[in-house]
Amino acid sequence: MEHFLNISVSDPIKRTDGVLSYTTYKVNTQSNRPDMGGTSFSVIRRFNHFKVLHKELSKEFPGAIIPPLPEKSLLNRFEEEFVETRRRNLERFLERVALHLELRTSAHFVKFLTLEESDLAHWEDDPSSEGDGQQGFMGWVKQTVKNAKVLSTQLGATPGMNPNPTPEDLRFEELTTYIKNLEVQMDSVATHARALKERNAALGKGLFDFGLAFTLLGNAETSEIGEALASMGKVADKLSQITTEHAHREAVQFEDPLSDYARIVGAVRVALQKRDEMRVRLGVAQSELALKEAALARVRFVPGKESKVAPAESDVEQAKQAVEQAERVFEEVTTRVIAEVDRFKREKAEDMRRISLDYIRLQIEYNQKVERAWAELLEKFNPAADGAAAPTLPPLQEPTPTETPAQVPMQVPMPVPVPAPVPVPTPTPAVAPLAAKDEAVAQNPEQNPEANAAASSVPEPADDDLNLLM
């Protein structure tokens, strides 16, 4: 029989404990797994309980990609939108743990899903309880870094650098560089998605104000255009509701998944760092073994120090066991990280395709609603006569370029032909002498009978011809 595990997070409630306020969530579980001790559970959990579970999983499975938790905020943490966003992300966190082949087997995970809140009183967000032994996790890190610097100095290397990288080390360095760059790009995409959602939310509010203004304008008009303007205000108000709902859906279906995926990339980077930590721990163990062997060599076969040989040999044996343990853990973490990164690469392509398709469908649906709303308004401003269907507006035409004189020749009216005057037998067509001669003839017409006869034979031009010449 196939086992199933269905988890949901619901009913966020603000609670107060003295001067402290916090939000609790109901975690609902349905399962047929035999290790659950039942089939149905509903328990109350605080955000700190989720944080403790995350830390326990990190310690139990070093090198695994632990699903990220939503970011913690000190401001607006009780506002409805913030609480709902956190609820969705907490549910997504538990679903991912339930799907992980290793994480879902953790006893801490089973306790989280099944025990009552009173039985988890010891689950507190105490950073000092993270480590192994008496020291906390931060103390272990500080000591590890200190030992690593000592080891690097002994080997004549620069602290923080791997003096003898293996091909596997180089491969992990490439993976680390790739993940760091991917994290930067995902953060950028998530930031722009958030800005896009906020812009659409502001657009929804702007459309509401726009619609109110047109409604008031239409009510102030008593003519037919007043009704049309009021209708435009109603359509703008409808578009305001559509856009506001669209901004909310963008937050749920696009912004949230992208922000969550950016945190997942950060979790991959942390998993890669776990291998580096285990490699440093192995180097420290090997350094400790070298020191113990050197101490044994100083007392062995030395007269008078026979009593120190047995304790030194015991120290060497313990150091060898520590090295063997560190080698096993290093190999285990390396194998786990490789498998986790390969799984991440496979799932990343499908996840990004799904997120992108959801966003594309969301935009298509939104724009279709907007188009229908504006199309209904056309009937108010372009009504049809006698109840006929309203004519559609003609498509916009590209403006025709203005024709230049080079393209179209200028049309010049042809003048009416005028009879040419009698040529004057003067070689130079000067105006002044002709005028003087004409004046002389005018004064003594009898002195030039030929000219008088020629002039009398020239027909006078018609009035229309004179108008054309003027």
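## Helix α1, its aromatic cluster and two nonpolar cores

The buried residues of helix α1 pack against four elements, namely strand β2 (20-31), strand β3 (40-46), helix α2 (80-99) and helix α3 (107-114). This is a predicted model, and the values that follow are computed from its atoms.

The residues of α1 that count as buried are Phe47, His49, Phe50, Lys51, Val52, Leu53, Glu56, Leu57 and Ser58. The helix itself covers residues 47-60, and because a rise of 1.5 Å a residue predicts a span of 20 Å for its 14 residues, the 20 Å between its end C-alpha atoms agrees with that expectation. An α-helix has 3.6 residues a turn, so residues three or four places apart point the same way.

### The chain as a whole

The chain contains ten helices and three strands, and their order from the N terminus is β-β-β-α-α-α-α-α-α-α-α-α-α. Of its 470 residues, 33% count as buried, while the accessible surface comes to about 30,200 Å², with 57% of that area belonging to carbon and sulfur atoms. Among the contacts with a separation of 6 or more, 70% are between residues 24 or more positions apart.

### Aromatic pairs around Phe50

A pair of aromatic rings is described by the distance of the centres and the angle of the planes. The structure holds five aromatic pairs, and two of them that involve Phe50 are set out here.

| Pair | Centre to centre | Angle of planes | Kind |
|---|---|---|---|
| Phe50 and Phe93 | 6.4 Å | 65° | edge-to-face |
| Phe50 and Phe112 | 4.9 Å | 70° | edge-to-face |

Phe50 belongs to helix α1 and Phe93 to helix α2, so their pair ties together parts of the chain that are 43 residues apart in sequence. Phe112 belongs to helix α3, so the pair that it forms with Phe50 of helix α1 ties together parts that are 62 residues apart in sequence. Through such ring pairs, Phe50, Phe93 and Phe112 are linked into a cluster.

Phe50 and Phe93 are both buried. Phe50 counts as buried because its relative accessibility is 0%, and Phe112 likewise counts as buried because its relative accessibility is 0%.

Two arginine side chains also meet rings in this part of the model. The charged end of Arg45 sits over the ring of Phe112, at 5.3 Å from the ring centre, whereas the charged end of Arg86 sits over the ring of Phe47, at 4.0 Å from the ring centre.

### Nonpolar cores

The largest nonpolar core has 38 residues, of which Met186, Leu258, Val265, Leu272 and Phe344 touch the most other members. The elements that give two or more residues to this core are helices α5 (167-220), α6 and α7, and α6 gives the most, with 16 residues. Apart from this core lies another, of 30 residues, which includes Phe93, Val97, Leu103 and Leu120.

When residues up to four places away in sequence are left aside, Phe344 touches Ile65, Ile179, Leu182, Tyr261, Ile264, Val265 and Val268.

### Phe208 in helix α5

Phe208 has its place in helix α5, and since its relative accessible area is 42%, Phe208 is partly exposed. Not counting residues up to four places away in sequence, Phe208 touches Asp237 and Ser240. Phe208 and Thr244 are 36 residues apart in sequence, and their C-alpha atoms are 9.9 Å apart in space.

### Positive phi outside glycine

Two residues deserve a check of their backbone angles. Asp11, which is not a glycine, has a positive phi of about 50°; its place is in strand β1 (residues 5-17), and Asp11 is partly exposed, with a relative accessible area of 42%. Phe301, also a residue other than glycine, has a positive phi near 60°. Phe301 lies in the loop between α6 (224-299) and α7 (309-381), and because its relative accessible area is 79%, over the 50% cut-off, Phe301 counts as exposed.

Conventions: Residues numbered from 1 in each chain as written. Predicted model: local features only at pLDDT ≥ 70, side-chain atom pairs only at ≥ 80, totals over all residues. Heavy atoms only, no water. Expected span 1.5 Å × (residues − 1). Buried < 20%, exposed > 50% of the residue type's maximum accessible area, 1.4 Å probe, protein only. Contact = heavy atoms within 4.5 Å. Areas by Shrake-Rupley, 256 points an atom, 1.4 Å probe, with all protein chains shown as cover. Core = buried A, V, L, I, M, F, W, Y, C linked by side-chain atoms within 4.5 Å. Phe/Tyr/Trp six-rings, centres within 6.5 Å; stacked < 30°, edge-to-face > 60°. Lys NZ or Arg CZ within 6 Å of the ring centre and 35° of its normal.
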